[in-house]
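Please open the coordinates in your viewer and keep the selection tool at hand. We will go from one selection to the next, with a short account of what each one shows.

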There are 2 protein chains.
Amino acid sequence: MKNFKLVLLFGSLLAVLAVLLQFFEYKYFIGRLDTSVYTSVVATVFTVVGVWVGMNILKSEKEVPTPAPIIVNNIVAPTNEINEENLKNLNLNDREYEILQLIAKGYSNKEIAQTLFLAIPTIKTHTSNLYSKLEVRSRTQAVHRARELEVL
Amino acid sequence: MKNFKLVLLFGSLLAVLAVLLQFFEYKYFIGRLDTSVYTSVVATVFTVVGVWVGMNILKSEKEVPTPAPIIVNNIVAPTNEINEENLKNLNLNDREYEILQLIAKGYSNKEIAQTLFLAIPTIKTHTSNLYSKLEVRSRTQAVHRARELEVL
DNA sequence: GTGGAAATCATACTTTTGGATGAGAGGGAA
DNA sequence: TTCCCTCTCATCCAAAAGTATGATTTCCAC
């Protein structure tokens, strides 16, 4: 249940907002604020929240789209196509593969942790396991090996 | 999209709760229903809009660095070609480029030093300068950047 | 020959990685 | 329910990487 926290986070946030909503409404009826101002505030706040939620939804589960191989005149272009068989044989779990991709993009452990909403020790555990499976001892080696195996 | 449903479910639940809350309040403040419902609708709509916007922001962000495949005579050229112009603009000297290649192969500083018959501090100096020119701060970032620029 | 640029190496320091090990929480199967 | 597996997080330690600064050598141009 890796998303449990995420969902909980969203939920808490929404709950807080609901309370805020009530509060603002209260102020509205006491202080007689301008309706348009009130509406604007609500709309803005919820838009911002929505943007944040939307980005996090996508970020948390963007599975890597396997690019379709480009074939022209029966010639398959080497478009960094993923070798599914090698990838399968590596037996990487979702987290490991996810982290591998971030490593390949030059992310530090700290950045990976922030991106995936995980603690740094967790990242280290995953990277260690990843290195075992790839039979390497460092992130640059991991990237190199992954490219050799055409899984990136 | 397995989490999407979850989040959606949770969101819906909260929305329902919010509505119930509004209704409950209505019992005690007749005439307030109009604004309450209105507010809920506004909040919901703008949250949805926000989510949509957020997801689209990320989606558009993702499709940046896809280099256009080179097509000559209807044959897609292998994209592993080195972009000589970029390489030239980087202004790397021989050592730096040499070291960049070794880094990309997963070599440690020690291994690079042994390979090139240099001292480790020398390697560090070169890598530092290399990072400056590539505008990065680590070897994995350097490799990533170099691939972006097609100089590897 | 002198100035200056480039390459080499050093020293000292901080940050990041990697390795080893254990523990706790949650989900799924018997 | 209980057991097991996966994912998560923690701590401690060692190694590697990165930063900053300066010294030296070489070599080329003036």
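Start by selecting B:Arg95 together with DNA strand C: an N or O atom in the side chain of B:Arg95 is 3.0 Å from a phosphate oxygen of this strand. Bear in mind as you look that this is a predicted model.

Stay with strand C and move to its bases. Select A:Lys124, where an N or O atom of the side chain sits 2.9 Å from a base oxygen of DNA strand C. Then pick B:Thr125, whose side chain places an N or O atom 3.1 Å from a base nitrogen of DNA strand C.

Now widen the selection to everything around this strand. Which of the 16 residues around DNA strand C come nearest? They are A:Lys124, A:Tyr131, A:Arg139, B:Ala119 and B:His126. On the DNA side, sugar and phosphate make up 64% of the atoms of strand C that come within 4 Å of the protein. Colour the surrounding residues by class and you will find 5 nonpolar, 7 polar and 4 charged ones near DNA strand C.

Next, show the helices as ribbons. Helix H6 (120–134) of chain A and H6 of chain B each supply at least two residues of the surface near DNA strand C. Of these, select H6(B) to see the largest share of that surface, 4 residues.

Time to switch to DNA strand D. Begin with A:Asn93, which has a side-chain N or O atom 2.8 Å from a phosphate oxygen of DNA strand D. Over on chain B, select B:Tyr131: one of its polar side-chain atoms lies 2.6 Å from a phosphate oxygen of DNA strand D. Add B:Asn109 and show its backbone, because here a polar backbone atom is 2.9 Å from a phosphate oxygen of DNA strand D.Zooming out, strand D is surrounded by 18 residues, of which A:Asn93, A:His126, B:Lys124, B:Tyr131 and B:Arg139 are the closest. Of the atoms of DNA strand D that come within 4 Å of the protein, 67% belong to sugar and phosphate. The surface near DNA strand D has 4 nonpolar, 8 polar and 6 charged residues. Which helix gives the most to this surface? Select H6(A), with 4 residues; H6 of chain A and H6 of chain B each supply at least two.

With H6(A) still selected, add H4(A). The two helices pack at an angle of about 90°, with their axes 9 Å apart, and they are therefore roughly perpendicular to each other. To see the contact, show A:Arg95, A:Glu96, A:Ile99, A:Leu100 and A:Ile103 on H4(A), and on H6(A) residues including A:Ile123, A:His126, A:Leu130 and A:Leu134. By class, this contact of H4(A) with H6(A) has 7 nonpolar, 3 polar and 3 charged residues.

Before leaving H4(A), select A:Glu98 and A:Arg95. They form a salt bridge, with the closest N and O atoms 3.0 Å apart. The two residues are about one helical turn apart, because they are separated by 3 residues in helix H4 (residues 94–104) of chain A. Over all chains, the structure holds 6 salt bridges.

For the last stop, go to chain B and select helix H5 (residues 109–116) and helix H6 (residues 120–134). Their axes come within 9 Å and cross at roughly 110°, which means that H5(B) is roughly perpendicular to H6(B). Show side chains for B:Asn109, B:Lys110, B:Ile112 and B:Ala113 on H5(B), facing B:Ile120, B:Ile123, B:Lys124 and B:Thr127 on H6(B), to see which residues make the contact. The class count for this pair is 4 nonpolar, 2 polar and 2 charged residues.

Note on methods: Residues are numbered from 1 along each chain as its sequence is written. Chains are lettered from A and ligands numbered from 1 in the order in which they are written. This is a predicted model: local features need pLDDT of at least 70, side-chain atom pairs count only at pLDDT 80 or more; totals for chains, interfaces and linings use all residues. Side-chain values use heavy atoms; hydrogens and water are left out. Axes are lines fitted to C-alpha atoms, for helices over the stretch in contact, and angles run from 0 to 180 degrees between N-to-C directions. Angles under 35 degrees count as roughly parallel, over 145 as roughly antiparallel, 65 to 115 as roughly perpendicular and the rest as oblique. Contact means heavy atoms within 4.5 Å. Ala, Val, Leu, Ile, Met, Phe, Trp, Tyr, Cys and Pro count as nonpolar, Asp, Glu, Lys and Arg as charged, and the others, Gly among them, as polar. A residue is near a molecule or strand if one of its heavy atoms lies within 4 Å of it. A polar contact is a pair of N or O atoms within 3.5 Å; within protein, one must be able to donate a hydrogen and the other to accept it, and residues adjacent in sequence count only if both atoms are side-chain atoms. A salt bridge is a side-chain nitrogen of Lys or Arg within 4 Å of a carboxyl oxygen of Asp or Glu.
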